[in-house]
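Hi everyone, thanks for coming. Please have a look at the chain on the screen, and then I'll walk you through it piece by piece.

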Amino acid sequence: MSSSGSTYGDIHRYEPARESTAAAIAIVLLTVVEVVFVGLFAFGLVSGWGGDELGNMYLGAALAVVFVDLAFILMLYRKEFLPDVMIVKKRRRKWEDLYIREEQQTGTSATDGAWDSVKRAVYPYYKR
């Protein structure tokens, strides 16, 4: 679904999420695997596996599995349960991030208008 609005902040494209049942079941199963490996890692830390060279390797592998599993859970959730939304943004030229107006593209001198600023600071009613 897309809209023809081109003002800043309008939704240009909105595609609802698929919300498939297979993805929900996969997320639940991956969450169970996540809990098992977090428990194994916690048990290994409490049991002192980190003091042994082989046990330290097992702890590292369990922690790696925990984070890879979490990455798959988040990837599935983002892909299947979050809508795809494209919002119209204001297009800017390269120089617009640095300068306010186009004539200021080359910059200004630091002393431009310094004397007027000094006069206004010394005598507040200079222009009146």
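Let's start with helix 2, which has 29 residues and reaches 42 Å from its first C-alpha to its last, close to the 42 Å expected at 1.5 Å a residue. That expected span is 1.5 Å times one less than the number of residues in the helix. When I say helix, I mean a DSSP run of H or I with at least four residues; a strand is a run of E with at least two, and both are numbered from the N terminus.

Before going on, a word about where this comes from: it is a predicted model, in which local features need pLDDT of at least 70, side-chain atom pairs count only at pLDDT 80 or more, and totals for chains, interfaces and linings use all residues. Residues are numbered from 1 along each chain as its sequence is written, and side-chain values use heavy atoms, with hydrogens and water left out.

Now, how does helix 1 compare with its own expected span? Helix 1 covers residues 21-47, and its 27 residues should span 39 Å at 1.5 Å a residue; the end C-alpha atoms are 39 Å apart, which agrees.

So which residues of helix 2 are buried? They are Gly55, Leu59, Ala62, Val66, Asp69, Ile73 and Glu80. Buried means under 20% relative accessible area, exposed means over 50%, and partly exposed is in between, using a 1.4 Å probe and protein chains only. These buried residues of helix 2 pack against helix 1. On the other side of the pairing, helix 1 has Ala23, Ile27, Glu34, Phe41 and Gly44 buried, and what covers them includes helix 2. Here is a handy thing to remember: an α-helix has 3.6 residues a turn, so residues three or four places apart point the same way.

Let's zoom out for a moment. The protein has 3 helices and 2 strands, and from the N terminus on the elements run β-α-α-β-α. Of its 128 residues, 12% count as buried. If we take the contacts with a separation of 6 or more, residues 24 or more positions apart account for 67% of them. A contact here means heavy atoms within 4.5 Å.

Next, the aromatic rings. Rings of Phe, Tyr and Trp (for Trp, its six-membered ring) pair if their centres lie within 6.5 Å; planes under 30 degrees apart count as stacked, over 60 as edge-to-face and the rest as tilted. By this rule there are 2 aromatic pairs. In one of them, Phe43 and Trp49 sit edge-to-face, 5.8 Å centre to centre with 90 degrees between the planes. Trp49 counts as partly exposed, at 29% relative accessibility. Then we have Tyr77 and Phe81: their ring centres are 6.0 Å apart and their planes are at 25 degrees, so this pair is stacked. Both residues lie in helix 2, 4 residues apart, about one turn of the helix. Tyr77 is partly exposed at 42%, and Phe81 is partly exposed at 24%.

Just after that we come to Leu82, in the loop between helix 2 and strand 2 (84-87). Is Leu82 buried or exposed, or something in between? Partly exposed, with a relative accessible area of 40%. Leaving aside neighbours within four places in sequence, Leu82 is in contact with Ala17 and Tyr77. The C-alpha atoms of Leu82 and Glu15 are 67 residues apart along the chain and separated by 9.4 Å.

Over in the loop between strand 1 (11-15) and helix 1 we find Glu19. Glu19 has a positive phi of about 55 degrees although it is not a glycine. Glu19 is exposed, with a relative accessible area of 53%, and, again leaving aside neighbours within four places, it is in contact with Glu80 and Phe81.

Last stop: the largest pocket. A pocket is an open set of points on a 1 Å grid over the protein atoms alone, where a 1.4 Å probe fits, with protein on both sides within 12 Å along at least five of seven lines; lining residues have an atom within 4 Å of a point. Which residues line the largest pocket? Glu15, Pro16, Ala17, Arg18, Arg78, Lys79, Leu82, Pro83 and Asp84 do, so our friend Leu82 turns up again among them.
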